[in-house]
Amino acid sequence: MIKLILSAGSLYTLPLDKVFEIARDTGFEGMEVIIGYDFQYGDNLALLKDLQQILPIASLHAPFLELDGWGDKIAQVIRTTELALQAEVPLINFHPPAWMALEFRFWNWFNKVKDFQSFLGQDTVQITIENMPATGAFGLNPYLLAQTQKMIDFIDAHNLFLTFDTAHMGSSKADFLHDFHLLYNSGRMRNIHFSDYGYGREHLLPGHGVLPLTRFLNHLRETGYNASLVLELSPHEFPEEESQIREAMAEIFAYLCAETRHPAPSQAAII
């Protein structure tokens, strides 16, 4: 069964423990935690342990901001993995190097690792990389491995798994469903960031953009996808009052359950 997870980044304007409580009360099975400013100066393992008392942590997202004490991009990926191993979090995700940011040292390291699961994850934590968005007036993707087939060839050769981001794929010039199927059929998809895209905006509520998300969810259900589906929205998609946030979250959760957990039509006919 698909595991319904909430990205803490969806409500990053609230304290982490409050976000965990809302997710737990809504019915989500776990959380994806982005390593952000909360992880700069304190005891990070203790913080994760406290949060795990509220709801399990399904994945950690390596920093994508400059954080004191976390070093460069290479150190950030390594430290995120070490923290996942210590806290017994089963999966981490990170962004590939960006050519536009001249991350050549990161690329050199990234390209030299032959087996990410054994070298970094110690065959215990699943190491995933994320497909990234096209941005700006010209719709350029500033990251390496922007082309779907190059991404597949790289993750296959280096034993990496994939976090597929629906909004990021929607922002590209690729055919959304065609390229999703290419990546899905690689057998390396372990985590999905789920949100809509449209009109130049990412991480929208389902239905606020143009992506065929219900069809996408039905495909996951009918093909037996049983890994994480992470709801990753912009906080701007939610009202400000907590009671209204909870109502909106419950509505989205009901939609996800309806589209991922009811029997497929052929099964329903048998029942």
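The following questions and answers describe a predicted model of one protein chain.

User: On what basis are residues numbered, and which pLDDT is needed for side-chain atom pairs to count?
Analyst: Residues are numbered from 1 along each chain as its sequence is written, and side-chain values use heavy atoms, with hydrogens and water left out. In this predicted model, totals for chains, interfaces and linings use all residues, local features need pLDDT of at least 70, and side-chain atom pairs count only at pLDDT 80 or more.

User: How many helices and strands does the chain have, and what is its radius of gyration?
Analyst: Helices (H or I, at least four residues) and strands (E, at least two) are DSSP runs, numbered from the N terminus. The chain has 11 helices and 10 strands. The radius of gyration is taken over C-alpha atoms, and the globule rule is 2.2 Å times the number of residues to the power 0.38. For 271 residues this rule gives 18 Å, so the chain is as compact as a globular protein of that length, its own radius of gyration being 18 Å.

User: What percentage of the 271 residues is buried?
Analyst: Buried means under 20% relative accessible area, exposed over 50%, and partly exposed in between (1.4 Å probe, protein chains only). By this definition, the buried part of the 271 residues in the chain is 53%.

User: Which helix gives the most residues to the largest nonpolar core?
Analyst: A nonpolar core is a set of buried Ala, Val, Leu, Ile, Met, Phe, Trp, Tyr and Cys residues joined through side-chain atoms within 4.5 Å. The largest one holds 78 residues, and those touching the most other members are Leu60, Phe94, Phe164, Phe216, Leu220 and Leu229. With 6 residues, the element that gives the most to this core is H10.

User: How far apart are the closest N and O atoms of the salt bridge between glutamate 29 and arginine 261?
Analyst: A salt bridge is a side-chain nitrogen of Lys or Arg within 4 Å of a carboxyl oxygen of Asp or Glu. The closest N and O atoms of glutamate 29 and arginine 261 satisfy this rule, at a distance of 2.4 Å.

User: How many residues apart in sequence are the parts that this pair ties together?
Analyst: Glutamate 29 is partly exposed at 37% relative accessible area, and arginine 261 is partly exposed at 30%. Glutamate 29 lies in the loop between H1 and strand E2 (30-34), while arginine 261 belongs to helix H10 (residues 242-261), so the separation bridged by the pair is 232 residues.

User: Is glutamate 237, the partner of arginine 201, buried or exposed?
Analyst: Glutamate 237 forms a salt bridge with arginine 201, with the closest N and O atoms 3.4 Å apart. Arginine 201 has 45% relative accessibility and counts as partly exposed. Glutamate 237 has 13% relative accessibility and therefore counts as buried.

User: Are the rings of phenylalanine 106 and tryptophan 109 stacked or edge-to-face?
Analyst: Rings of Phe, Tyr and Trp (its six-membered ring) pair if their centres lie within 6.5 Å; planes under 30 degrees apart count as stacked, over 60 as edge-to-face and the rest as tilted. The structure holds 19 aromatic pairs. For phenylalanine 106 and tryptophan 109, the centres are 6.2 Å apart and the planes meet at 20°, which makes the pair stacked.

User: Which class describes the ring pair of phenylalanine 164 and phenylalanine 176?
Analyst: Phenylalanine 164 is buried at 0% relative accessible area, and phenylalanine 176 is buried at 9%. Their ring centres lie 6.2 Å apart with the planes at 50°, so the pair is tilted.
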